[in-house]
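Trainee: I am new to this structure and would like to go through it by question and answer. May we begin once the sequence and the model are on display?

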Amino acid sequence: MVFVVSVLTFLSTVNQKTHFPVHGYRSIFEPTWLLRARFTLNSREMIRRGYENFKDKLFIVRRNDVDIIVLPMKYLEELRFTPTSQLSAKEAQIRNIAPQWTGLTFILKSNLHIDALNKKLSPRLGSFLVRIKDELDYAWEKDIPQTDNWTVVDIQSIVQKLVARSWARVFIGNPTCKDEEWLDISVNFSINTFITAVALRLFPPWMHPFVIYLLPSRYRMMRQIAASRKIMSRLMAKHEDNRNKRADGEVSLEEETLLNWMLDNGTAEETTIQRMGALQCLMTLASIHTTSIHITNVLFDICAHPEWIPILREEIDEAYSDQDYNNPHWNINEWLRRFERLDSFQMEALRFNPPILLGPQRIVLKPYTLQDGITLPVGFRVAFPGYHHTFDPTTMSNPDQFDPMRGYRKRKSSPLEAKKHQAAQPSTSNLAFGYGNQSCPGRYLASAEAKMVVSRLLHDFDIQFLPGKSRPQTWYADENSFTDPRAKLMIRKRRNG
């Protein structure tokens with residue numbers, strides 16, 4: 001079956017035309033369909049070889065659905081502030097999930113969700129973090145077994161649920177953030193979207209109108225969007241009622257949410273029930289999936305390097321000892337900044353396990369000529385080899401060594417470095433959240449939540465791998481990375497140390 005699909009792809013795929021060299025062919029006789037199939041299964045090694053062979057030159061890797069121009073890192077600063085009308089990160093992200101078949105094409109023409117994160121979430125980050133902390137307090141004993149003896153837990157499912165609750169509190173507020181139907185949508189919509197998009201990549205474009213109706217994941221997506229629209233309908237009606245009461249001079253208090261901000265600031269077209277229901281699903285995809293994978297990777301790395309647990313706990317215990325919500329001068333942002341070692345650990349975990357091997361990525365919307373005269377053609381996907389750059393010994397000392405205090409040492413090396421080298425701060429050696437004017441707008445909240453979850457787990461519990469088990473492998477599908485979903489941990493209430 002796989003062979004038949006691959007041949008069909010070969011017979012129908014039209015390669016994008018450009019003069020840049022194509023990397024990966026094992027001989028002049030290797031068919032393109034086989035090259036694309038090998039990229040799906042062996043992208044990490046293929047990108048590594050391309051990075052080494054074309055260090056300062058552009059080259060192309062061939063994904064099943066698209067050719068990707070890989071740019072040398074020397075162009076990173078040049079493209080840092082390129083207008084989104086020319087090179088678009090959002091376009092690159094959305095095209096990855098086959099929007100024409102998943103009902104999400106509307107997002108290509110709207111920046112409402114990005115504006116909500118930049119104009120509402122970021123300026124009010126501390127306020128939203130306090131609510132996330134409240135939600136974690138509510139969920140802690142509900143979602144995590146409070147066991148005195150070593151107990152096997154599905155840590156990935158636990159973290160997904162905690163993160164889903166937290167982001168739901170930010171997106172749609174209380175009490176809907178506790179709605180089990182919404183939490184199920186939040187966790188599983190991204191999974192179904194990913195399965196649908198990857199499945200479609202295995203088939204040539206002319207078959208997509210037929211294949212799409214054979215994918216159970218796509219039907220699950222549509223049901224989840226429909227359920228989301230019903231939930232949004234209730235919340236939108238409630239917000240409209242409160243808005244009318246305030247217009248009439250009545251006192252009508254509402255919790256701050258990104259949904260309410262978008263309803264107040266979006267256009268009539270952007271704020272229909274149809275659009276808002278799908279948009280909220282999309283926002284869960286962009287936030288919950290990546291945040292929960294990052295947190296579980298940090299936990300797996302901690303278990304793989306248990307010698308760092310007492311060092312991390314030293315600052316964690318100190319911070320938790322004077323956590324005082326009743327003090328009006330207590331500031332959650334300042335409190336989280338005390339986790340300098342944990343932040344450094346997070347950054348190293350991101351270096352070893354970024355969400356994507358080729359990043360940042362952009363779609364060329366208008367012709368763009370680089371300073372050395374090379375023109376990037378319209379319609380192409382361009383990307384940087386961010387992952388392999390951070391494992392290059394010419395840019396990183398001892399790159400193959402897991403050194404969780406890299407960032408911490410750099411911050412302590414000089415007063416001028418004290419506010420640099422942080423997990424949520426994009427740099428040439430930290431590209432997990434993108435770079436430049438199109439960096440992930442929710443990165444500060446995601447990094448902060450990771451600190452809140454990991455620090456409390458280490459404060460409250462002992463954690464370790466199951467007997468005979470070690471750190472689970474990272475899997476790759478094209479340039480995307482994810483952790484073995486079968487991996488579990490053992491936990492018990494903390495005893496000593």
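Trainee: Which cysteine sulfur is closest to the sulfur of Cys 440, and why is there no bond between them?

Mentor: Please keep in mind that this is a predicted model. A disulfide requires two cysteine sulfur atoms within 2.5 Å. The sulfur of Cys 440 is 18 Å from the closest cysteine sulfur, which is too far for a bond; that closest sulfur belongs to Cys 281.

Trainee: How many disulfides does the rule give, then?

Mentor: The rule accepts a pair of cysteine sulfur atoms within 2.5 Å. Under this rule, the count of disulfides is zero.

Trainee: Is Cys 303 buried or exposed?

Mentor: A residue counts as buried under 20% relative accessible area. Cys 303 has 9% relative accessibility, so its class is buried.

Trainee: What class does Cys 440 receive on that scale?

Mentor: Values between the buried limit of 20% and the exposed limit of 50% fall in an intermediate class. Cys 440 has 28% relative accessibility and therefore counts as partly exposed.

Trainee: Which residues does Asp 301 contact beyond its neighbours within four places in sequence?

Mentor: Asp 301 lies in helix H12, residues 273-304. With 4% relative accessibility, Asp 301 counts as buried. Leaving those sequence neighbours aside, its contacts are Phe 345, Ala 349, Asn 353, Phe 402 and Arg 471.

Trainee: What distance separates the C-alpha atoms of Met 232 and Ile 302?

Mentor: Met 232 belongs to helix H10, residues 216-247, and is buried because its relative accessibility is 0%. Residues it touches, not counting those up to four places away in sequence, include Trp 182, Leu 259 and Met 276. Ile 302 is 70 residues from Met 232 along the chain, and their C-alpha atoms are separated by 39 Å.

Trainee: In strand S8, which residue is the bridge partner of Arg 362?

Mentor: Strand S5 covers residues 361-364; Arg 362 and Val 364 point one way from it, Gln 361 and Ile 363 the other, and all are buried. S5 runs antiparallel to strand S3, residues 87-88, with two bridges, and Ser 88 stands opposite Ile 363. S5 is also antiparallel to S8, residues 381-383, with three bridges. In S8, the partner of Arg 362 is Val 382.

Trainee: How much accessible area does the nonpolar surface patch with Phe 194 have?

Mentor: Phe 194 is located in helix H8, residues 180-201, and counts as partly exposed because its relative accessibility is 32%. It forms the patch with Ile 191 and Ile 195, and together their accessible area is about 220 Å².

Methods: Residues numbered from 1 in each chain as written. Predicted model: local features only at pLDDT ≥ 70, side-chain atom pairs only at ≥ 80, totals over all residues. Heavy atoms only, no water. Patch = residues over 30% accessible without salt bridge, like charges linked within 9 Å, V, L, I, M, F, W, Y side chains within 5 Å. Areas by Shrake-Rupley, 256 points an atom, 1.4 Å probe, with all protein chains shown as cover. Salt bridge = Lys/Arg side-chain N within 4 Å of Asp/Glu carboxyl O. Helix = DSSP H or I, 4+ residues; strand = E, 2+ residues; numbered from the N terminus. Buried < 20%, exposed > 50% of the residue type's maximum accessible area, 1.4 Å probe, protein only. Contact = heavy atoms within 4.5 Å. Pairing = 2+ DSSP bridges.
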